[in-house]
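The following exercises guide a reader through one structure. Each task is followed by a solution in steps.

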Protein chains: 2
Amino acid sequence: MPRLTLMTHVPAGQTWRSTEKAKTRQRYLDEAARLFASRGFHAVSIDDLGAAVGVSGPALYRHFRGKEAILSEILVGVSERLMAGLEATLAERAEPRETLLGLIDFHVDFAVSERDVIRLQDRELASLPEAQNRAVRTLQRRYLDGWVEVLRALRPEATQAELRVLMQGVFGLLNSTAHNSAVAKGTDVRRILADAAAAVLLT
Amino acid sequence: MPRLTLMTHVPAGQTWRSTEKAKTRQRYLDEAARLFASRGFHAVSIDDLGAAVGVSGPALYRHFRGKEAILSEILVGVSERLMAGLEATLAERAEPRETLLGLIDFHVDFAVSERDVIRLQDRELASLPEAQNRAVRTLQRRYLDGWVEVLRALRPEATQAELRVLMQGVFGLLNSTAHNSAVAKGTDVRRILADAAAAVLLT
DNA sequence: CAGCCATGTTATCGAGCGCTAACTGAAATG
DNA sequence: CATTTCAGTTAGCGCTCGATAACATGGCTG
């Protein structure tokens, strides 16, 4: 998209073209998440991606090493942001019950506001090559174990394996919003899911 | 696989070949569920399917109209079996709380013993053509609404939309077992998930 | 402002896919 | 026992895909 006027403000240290490129790159990531989530990774072609972004086909290779690299960046990105949320909540050093409520709020907010990437995280893991697959799984496991560690304080009698199964279940509950396509507006999905998760973990 | 001896007992009204064919067909369905669940529908070729069954490639077309027809049969099949379980439980005409506990037990048994097909049901829905996609979604919705109807008696103040969101969440919880790859043996996954679901629905 | 460089374009390649065609051999049939 | 049926085989067609090559054009740089 060529520039038509010279009125655009260019941030210090960055050229107009570099900011345009960054925008295009981000649009690739957003559109890819949307398309991958609705059709599946293998059912989306690079021509589809280009069309969604507004360029055509192979322009992708000016921004990513390949189609797989986009998926990889999406999945690693969401895992890292979840980890960041976990650590931010843990850093508040509240008591276990409060911490869990904080984690639930954070996760349900994330799941509701970014349904596509949440859905991709477990659905398209197998589409990644071995190396990045392991990286994502490691991050996911660290995230889960962070929750388990908090939960441990409330259920000292449960084994680590039992708590992991329970937490995996709670994630399934919280992430379920990624599956319901249309919900009658006015329905407070966040509250319903957060209350249900709290009922499982805090009773 | 040609017959080597004549000692095989052939059930009345069926030829030896027809029973062999039925067995092969079932192996296709089983192996396809396993492969589709682990790699994704589009990442499994008909040669892969043939190799898993013990025949090669295009032999598939002696049993199914195509690769898609296998996925379709799997997904419609699981939805119908879930519906059958729902109706069997409802037919006992117990009170709401008992009915819900029965539904939870049925569903968690199903999810634990048939992880692959459960996983496929929401992961590969988009891989079906429009017609069968609609058929599966309709069955899934009837299943969900069956639960909702029972739950309604216990929560008369909640709206239909709220109960649907809640139930979708509980299914996410119960189906989460399809995602944990390895669980320390001796861990009673069924009980953990069933208790958690009961905590959500019956408190 | 002249030369460079980056972000696009279109054309094309090689590989793998689902599926069909033509054929084979053993079971089923009467 | 002669004939038909049918679950399997291999060869190959047509198509789509991801990726690359060669080229175009307009912003960036000295």
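**Exercise 1. The nonpolar core**

How many residues does the largest nonpolar core have, and which residues have the most contacts inside it?

*Solution.* The structure is a predicted model. Its largest nonpolar core comprises 96 residues. Within this core, the most contacts belong to Val170(A), Ala197(A), Val170(B) and Ala197(B). One of these may be followed further: when neighbours within four places in sequence are left aside, Ala197(A) touches Ile104(A), Val170(A), Leu173(A) and Leu174(A). In general, nonpolar side chains of soluble globular proteins tend to be buried together.

**Exercise 2. The make-up of chain A**

Describe chain A by its helices and strands, its extent and its buried share.

*Solution.* Begin with the elements: chain A has eight helices and zero strands. Next, take the extent: the C-alpha atoms of chain A fill a box of roughly 65 × 40 × 35 Å along the principal axes. Then consider burial: 34% of the 203 residues of chain A count as buried. Finally, among the contacts in chain A with a separation of 6 or more, 65% join residues 24 or more positions apart.

**Exercise 3. Where the two chains meet**

Which helix of chain A gives the most to the side that touches chain B?

*Solution.* The contact draws 33 residues from chain A and 33 residues from chain B. On the side of chain A, helix 1, helix 5, helix 7 and helix 8 (189–201) each supply at least two residues. Helix 7 of chain A gives the most, with 10 residues. Sorted by class, this side of chain A has 16 nonpolar, 13 polar and four charged residues.

**Exercise 4. The crossing of the two copies of helix 7**

At what angle do the axes of helix 7 of chain A and helix 7 of chain B cross, and which residues make the contact?

*Solution.* A pair of packed helices is described by the angle and the distance between their axes. Here the axes of helix 7 of chain A (residues 160–174) and helix 7 of chain B (residues 160–175) come within 7 Å and cross at roughly 150°. The crossing is right-handed. From chain A, the contact uses Gly169(A), Val170(A), Gly172(A) and Leu173(A); from chain B, it uses Gly169(B), Val170(B), Gly172(B), Leu173(B) and Asn175(B). By class, these residues are four nonpolar, five polar and no charged. Val170(A) and Val170(B), which take part in this contact, also appear among the residues with the most contacts inside the largest nonpolar core.

**Exercise 5. Helix 5 of chain B**

How many of the nine residues of helix 5 of chain B are buried, and what covers them?

*Solution.* Helix 5 of chain B (residues 115–123) is mostly covered, with seven of its nine residues buried. The buried residues are Val117(B), Ile118(B), Arg119(B), Leu120(B), Gln121(B), Asp122(B) and Arg123(B). Their cover includes helix 5 of chain A, as well as helix 1, helix 3, helix 4 (96–113) and helix 7 of chain B.

**Exercise 6. The surfaces near the DNA**

Identify the residues closest to each DNA strand and the helix that contributes the most to each surface.

*Solution.* DNA strand C is surrounded by 22 residues, the closest being Thr15(B), Trp16(B), Ser45(B), Pro58(B) and Gly66(B). Helix 1 of chain A gives the most to the surface near this strand, with three residues. For DNA strand D, the nearest of the 22 residues around it are Trp16(A), Ser45(A), Pro58(A), Gly66(A) and Ala59(B). There, helix 1 of chain B gives the most, with three residues. The surface near DNA strand D has eight nonpolar, seven polar and seven charged residues.

Note on methods. Residues are numbered from 1 along each chain as its sequence is written. Chains are lettered from A and ligands numbered from 1 in the order in which they are written. This is a predicted model: local features need pLDDT of at least 70, side-chain atom pairs count only at pLDDT 80 or more; totals for chains, interfaces and linings use all residues. A nonpolar core is a set of buried Ala, Val, Leu, Ile, Met, Phe, Trp, Tyr and Cys residues joined through C-beta atoms within 7 Å. A residue is buried if 20 or more other C-beta atoms lie within 10 Å of its own, exposed if 12 or fewer, and partly exposed in between; C-beta atoms are placed from the backbone. Two residues are in contact if their C-beta atoms, placed from the backbone, lie within 7 Å. A residue is near a molecule or strand if its C-beta atom, placed from the backbone, lies within 6 Å of it. Helices (H or I, at least four residues) and strands (E, at least two) are DSSP runs, numbered from the N terminus. Axes are lines fitted to C-alpha atoms, for helices over the stretch in contact, and angles run from 0 to 180 degrees between N-to-C directions. A crossing is left-handed if the near helix is turned anticlockwise from the far one by less than a right angle, and right-handed if clockwise. Ala, Val, Leu, Ile, Met, Phe, Trp, Tyr, Cys and Pro count as nonpolar, Asp, Glu, Lys and Arg as charged, and the others, Gly among them, as polar.
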